[in-house]
Amino acid sequence: MGIRTLVAMLFVSLAVIAVLATQATYRLFLPGLLQGAVLTMEIAILGSLLAVIMGVLAALARMYGPAPLRWLATVYVEIFRGTSALVQLFWLFFVLPQFGVTLDAFLVAVLALGLNVGAYGSECVRGAIQSVARGQWEAGTALNMSRAQMLRRIILPQAFIAMIPPWGNLFIELLKSTALVSLITLSDLAFKAQQMNQNTFKTIPIFTLVLLMYLAMSLTVSIGMRLLEKRASLGLARGKAA
Amino acid sequence: MTEQPMVRFDNVSKRYGALTVLNGLNLEIARGEKVSVIGPSGSGKTTVLRMLMTLETINDGVIWVEGEPLTHMQQGGTLVPANLAHIRRIRAKIGMVFQSFNLFPHMTAMANCIEAPITVLGMKRADAEARAAELLDMVGLSQKKDHYPSQLSGGQQQRVAIARALAMRPKIMLFDEVTSALDPELVGEVLQVIRQIGREHDLTMLMVTHQMGFAKEFSDRVCFFYQGKICEQGPPGELFGAPKNERTRQFLHAVLEAG
């Protein structure tokens with residue numbers, strides 16, 4: 001799908017929200033839902049940031065770290081990939097306080113989702129690094145670069161482009177997983193929707209708006225990632241036209 | 001005191017599992033000497049260059065560069081396997097050009113040539129750029145310095161790769177079938193550059209090549225590899241003109257036949 005299609009879809013979904021909002025039955029719920037959407041976006045953005053940091057660190061530690069670091073990274077990836085995000089949320093929010101560590105619900109949401117997606121992300125990073133041709137490492141060796149120099153200057157810049165599409169998937173996964181945080185007292189978009197539904201039983205307008213809002217947010221992520229991909233591959237693609 | 005050889009392979013072997021690629025190789029290369037390595041595929045000739053560039057480990061023997069061990073270091077009077085710092089210190093003397101160019105695709109020709117001088121040698125950007133500009137000019141590509149590898153022909157890419165290697169001021173240059181991936185009409189421009197650096201720079205050169213004409217005209221010595229050993233070596237006139245070994249004769253005959 002081209003960027004144009006994605007932008008058109010985003011435009012249509014926003015337009016539909018705007019048109020629906022002209023009706024009183026829909027307009028009634030809009031402010032509350034938008035409030036929830038803001039919280040959803042905050043968690044998604046901070047969680048994604050944490051996921052990228054964890055993904056890159058875990059991948060590098062697993063591939064090039066000394067034994068203890070490698071071991072630690074493997075344990076991290078397997079635990080956070082191998083258990084459900086919901087259980088991780090509950091554990092951090094309800095179990096940790098039993099050991100005397102109480103974390104703010106918002107912080108727990110960002111931590112759990114970021115660590116969870118970061119564990120998947122580390123595999124994307126690893127795959128992307130491994131997809132860089134071996135000759136690139138050899139050229140670096142022939143220029144007497146250190147492994148860290150090769151990684152930083154030669155390998156990661158090339159791997160970065162290969163990482164963008166799978167990370168796009170993960171960011172959207174993370175965005176949708178934020179719905180789970182409604183179970184640890186946070187008033188995100190999904191929580192607001194459920195609450196309003198229980199109070200008013202206006203299921204159709206509420207969940208139609210919620211659906212469109214999630215769609216608009218994930219389309220924004222898709223478009224952003226496409227633009228990033230285009231920009232990042234500029235140098236590499238430039239020659240194809242020549 | 002007799003002069004140290006620039007490179008010395010001392011009884012070096014390389015095995016991959018049960019397969020022996022190089023079998024007790026002994027080879028000395030003098031300072032400034034141009035040595036061509038020829039032989040059928042699988043004879044271990046590329047492995048010789050890759051071991052010297054430390055792209056392959058060795059199983060037996062020692063490789064010496066200017067009288068210092070490359071693969072090993074002295075410790076309490078004995079040789080132990082070298083650590084990375086030691087390898088990097090010795091490896092700084094060696095540069096290599098690859099069959100498949102291996103330019104950094106996300107960097108322009110100029111950026112390719114200043115990357116390692118800045119990050120490895122710690123040169124100032126302006127100095128590195130001046131030096132790279134000189135080298136790109138020498139390989140005839142000063143007009144293309146801001147082009148990315150994908151915008152260059154194979155011959156141009158390989159010439160950038162040669163400039164990039166020279167920018168590190170190596171004493172030894174390794175050329176691994178550097179014209180094999182090129183269209184026939186682009187081979188000449190690359191060989192011309194190699195001829196020129198052979199004349200203008202005081203470099204020791206070791207090249208694996210299938211260009212027999214070039215090996216004959218350019219080298220001081222030609223080594224014919226067969227089954228992991230040097231089967232025959234000598235001045236190009238002798239080796240090409242009157243090969244003593246039956247295998248050499250067969251190989252040269254087959255190559256000339258192919259034309």
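Where in chain A is A:T185 found? A:T185 lies in the loop between α8 (147-177) and α9 (189-200) of chain A. That loop is one stop in the views below, which come from a predicted model.

**Figure 1. Chain A as a whole is built from helices, with 11 helices and 0 strands.** Following the sequence, you will meet the pattern α-α-α-α-α-α-α-α-α-α-α. Along the principal axes, the C-alpha atoms of chain A fill a box of roughly 70 × 60 × 20 Å. Chain A has 242 residues, and 47% of them count as buried. Among the contacts in chain A with a separation of 6 or more, 78% join residues 24 or more positions apart. The exposed surface of chain A comes to about 12300 Å², with 69% supplied by carbon and sulfur atoms.

**Figure 2. Five residues of chain A make a nonpolar surface patch.** The members to look for are A:L69, A:W71, A:L72, A:V75 and A:I79, and the patch covers about 510 Å². Take A:L72 as a landmark here: this residue sits in helix α4 (residues 67-82) of chain A. Is A:L72 buried or exposed? A:L72 counts as exposed because its relative accessible area is 53%, and the cut-off for exposed is over 50%.

**Figure 3. Chain B and chain A meet at an interface that buries about 2200 Å² between them.** Carbon and sulfur atoms account for 58% of that buried area. On the chain B side, 27 residues are in contact with 22 residues of chain A. How many residue pairs are in polar contact between chain B and chain A? The count is 8, with both residues of each pair at pLDDT 80 or more. On the side of chain B that touches chain A, at least two residues each come from α2 (84-91), β8 (94-97), α3 (109-119) and α5 (154-166) of chain B.

**Figure 4. A salt bridge joins the side chains of B:R50 and A:E138.** The N to O distance in this pair is 2.7 Å. Across the interface of chain B and chain A, 2 salt bridges are found.

**Figure 5. A:T141 has contacts in both chains.** You can find A:T141 in helix α7 (residues 134-142) of chain A. Which residues is A:T141 in contact with, leaving aside its neighbours within four places in sequence? From chain A there is A:M150, and from chain B there are B:M53, B:T54, B:L55 and B:R91. A:T141 counts as buried because its relative accessibility is 11%, and the cut-off for buried is under 20%.

**Figure 6. A:T185 has a positive phi although it is not a glycine.** Here we return to the loop between α8 (147-177) and α9 (189-200) of chain A. Phi of A:T185 is about 75°. Why does that catch the eye? Most residues other than glycine have a negative phi. With a relative accessible area of 56%, A:T185 is exposed.

**Figure 7. B:E177 also shows a positive phi in a residue other than glycine.** Its value is near 45°. B:E177 belongs to the loop between β9 (172-176) and α6 (184-200) of chain B. Is B:E177 buried or exposed? B:E177 counts as buried, at 12% relative accessibility, whereas A:T185 in the previous view is exposed.

Terms used: Residues are numbered from 1 along each chain as its sequence is written. Chains are lettered from A and ligands numbered from 1 in the order in which they are written. Side-chain values use heavy atoms; hydrogens and water are left out. Patches are made of residues with over 30% relative accessible area and no salt bridge: like charges are joined within 9 Å, nonpolar side chains (Val, Leu, Ile, Met, Phe, Trp, Tyr) within 5 Å. Accessible areas come from the Shrake-Rupley method with a 1.4 Å probe; for residues, only the protein chains shown count as cover. A salt bridge is a side-chain nitrogen of Lys or Arg within 4 Å of a carboxyl oxygen of Asp or Glu. Helices (H or I, at least four residues) and strands (E, at least two) are DSSP runs, numbered from the N terminus. Buried means under 20% relative accessible area, exposed over 50%, partly exposed in between (1.4 Å probe, protein chains only). Contact means heavy atoms within 4.5 Å. Buried area is the accessible area (1.4 Å probe) that two parts lose on being put together, summed over both. A polar contact is a pair of N or O atoms within 3.5 Å; within protein, one must be able to donate a hydrogen and the other to accept it, and residues adjacent in sequence count only if both atoms are side-chain atoms.
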